[in-house]
Amino acid sequence: MELALRKLEYTEAGAITKRGCLHVVPGEHTRTGEKVAVGNVTGELRVFGANKTNNSLEDAYRVPAFNQSPVECMRLAVVPDKDRVAIFVGGKSSAEEHGDVRAFSKRSKTPFIDFTTRMSDPVSHLDVYQHDLFAATDGYFNHFYNCQEERGSFAPPHEINDVSYISMDGILYPVWAAKIDY
């Protein structure tokens with residue numbers, strides 16, 4: 001059996017993106033469609049979706065998430081009290097020289113969360129659960145609550161590849177994957 005494959009480009013997302021910086025944002029209602037969020041190495045966050053009337057793609061917005069610093073990671077999460085999906089981006093603000101996390105809604109160009117972690121490297125791995133933010137650089141991990149209170153930190157002996165959490169008996173425990181050289 002032979003398959004005839006062909007390349008079909010609908011749009012160019014911009015500059016090069018890093019792994020994990022492309023997500024499909026689900027629609028909140030049946031009449032609103034899905035959108036695509038892309039963070040690139042120039043620090044731009046682009047959100048676009050399909051226009052159903054003329055079968056084309058339209059930008060919802062393009063915004064500099066970080067000032068000329070790359071978007072290192074992205075994560076979708078439900079924002080507490082709003083029951084809406086938000087786009088969380090991690091990187092480094094060139095002004096403060098700290099790792100930053102910013103959160104955007106599906107429609108807004110302005111971040112509703114702009115949080116400086118005080119980590120000296122860019123936030124390259126993150127996960128979010130309600131009010132808890134799990135942020136990590138390649139060599140350091142932090143767990144924040146409400147973007148203020150630091151609940152814990154850890155500097156593993158190996159490079160961090162990803163970070164997440166597990167919930168047991170109502171308590172969140174951070175989980176991270178590390179690169180171990182044998």
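1. Let's start at a loop: Cys147 sits between strand E11 (141–145) and strand E12 (149–154). Strands here are DSSP runs of E with at least two residues, numbered from the N terminus (helices would be H or I runs of at least four). The phi of Cys147 is near 55°, which is positive even though the residue isn't glycine. That's worth a look, because most residues other than glycine have a negative phi. Cys147 is also partly exposed, at a relative accessible area of 23%. For reference, buried means under 20% relative accessible area, exposed means over 50%, and partly exposed is in between, using a 1.4 Å probe and protein chains only.

2. Before going further, a word on what you're looking at: this is a predicted model, where local features need pLDDT of at least 70 and side-chain atom pairs count only at pLDDT 80 or more, while totals for chains, interfaces and linings use all residues. Residues are numbered from 1 along each chain as its sequence is written, and side-chain values use heavy atoms, with hydrogens and water left out.

3. Asp169 has a positive phi too, near 55°, and again this is a residue other than glycine. You'll find Asp169 in the loop between E13 and E14, a hairpin with 2 residues between its strands. Is Asp169 buried or exposed? Exposed: its relative accessibility is 82%.

4. The two strands of that hairpin, E13 (residues 159–168) and E14 (residues 171–179), run antiparallel and are joined by 9 bridges. Two strands count as paired if DSSP finds at least two bridges between them. If you want to trace the register, Ile166 stands opposite Tyr173 in E14, and Ser164 faces Val175 in that strand.

5. Now for an open sheet of 4 strands, in the order E1-E2-E3-E4 and with antiparallel pairing. Its edges are strand E1 (22–25) and strand E4 (56–64), each of which pairs on one side only. On average, neighbouring strands in this sheet are turned by 20° against each other, direction ignored. Those angles come from axes fitted as lines to C-alpha atoms (for helices, over the stretch in contact), on a scale from 0 to 180 degrees between N-to-C directions. E1 and strand E2 (residues 35–39) are antiparallel and share 4 bridges, with Leu22 opposite Val38 in E2.

6. There is also an open sheet of 4 antiparallel strands in the order E5-E6-E7-E8. Why is one side of E5 and of E8 left without a neighbour in the sheet? Strand E5 (71–79) and strand E8 (113–116) stand at the edges and have a single partner strand each, so nothing in the sheet flanks their other side. E5 pairs with strand E6 (residues 84–93) over 8 bridges, in the antiparallel sense, and Val79 stands opposite Arg84 in E6.

7. Keep an eye on Lys92, which belongs to strand E6. A polar atom of the Lys92 side chain lies 2.9 Å from the backbone oxygen of Ser120. That qualifies as a polar contact: a pair of N or O atoms within 3.5 Å where, within protein, one must be able to donate a hydrogen and the other to accept it, and residues adjacent in sequence count only if both atoms are side-chain atoms. Setting aside neighbours within four places in sequence, Lys92 is in contact (heavy atoms within 4.5 Å) with residues including Phe66, Glu97, His98, Asp100, Ser120 and Pro122.

8. In the loop between strand E7 (98–104) and E8 you'll spot Thr110. Thr110 is exposed, with a relative accessible area of 55%. C-alpha to C-alpha, Thr110 and Val63 are 8.1 Å apart in space, with their positions 47 residues apart in sequence numbering.

9. How many aromatic pairs does a search of the whole structure find? The count is 6. One of them, Phe134 with Phe141, is stacked, at 6.5 Å centre to centre and 20° between the planes. Rings of Phe, Tyr and Trp (its six-membered ring) pair if their centres lie within 6.5 Å; planes under 30 degrees apart are stacked, over 60 edge-to-face, and the rest tilted. Both Phe134 and Phe141 are buried. Ring pairs link a cluster of Tyr129, Phe134, Phe141, Phe154, Tyr165 and Trp176.

10. Finally, the charged end of Arg151 sits over the ring of Tyr145, 4.1 Å from its centre. The test is that NZ of Lys or CZ of Arg is within 6 Å of the ring centre and within 35 degrees of the ring normal.
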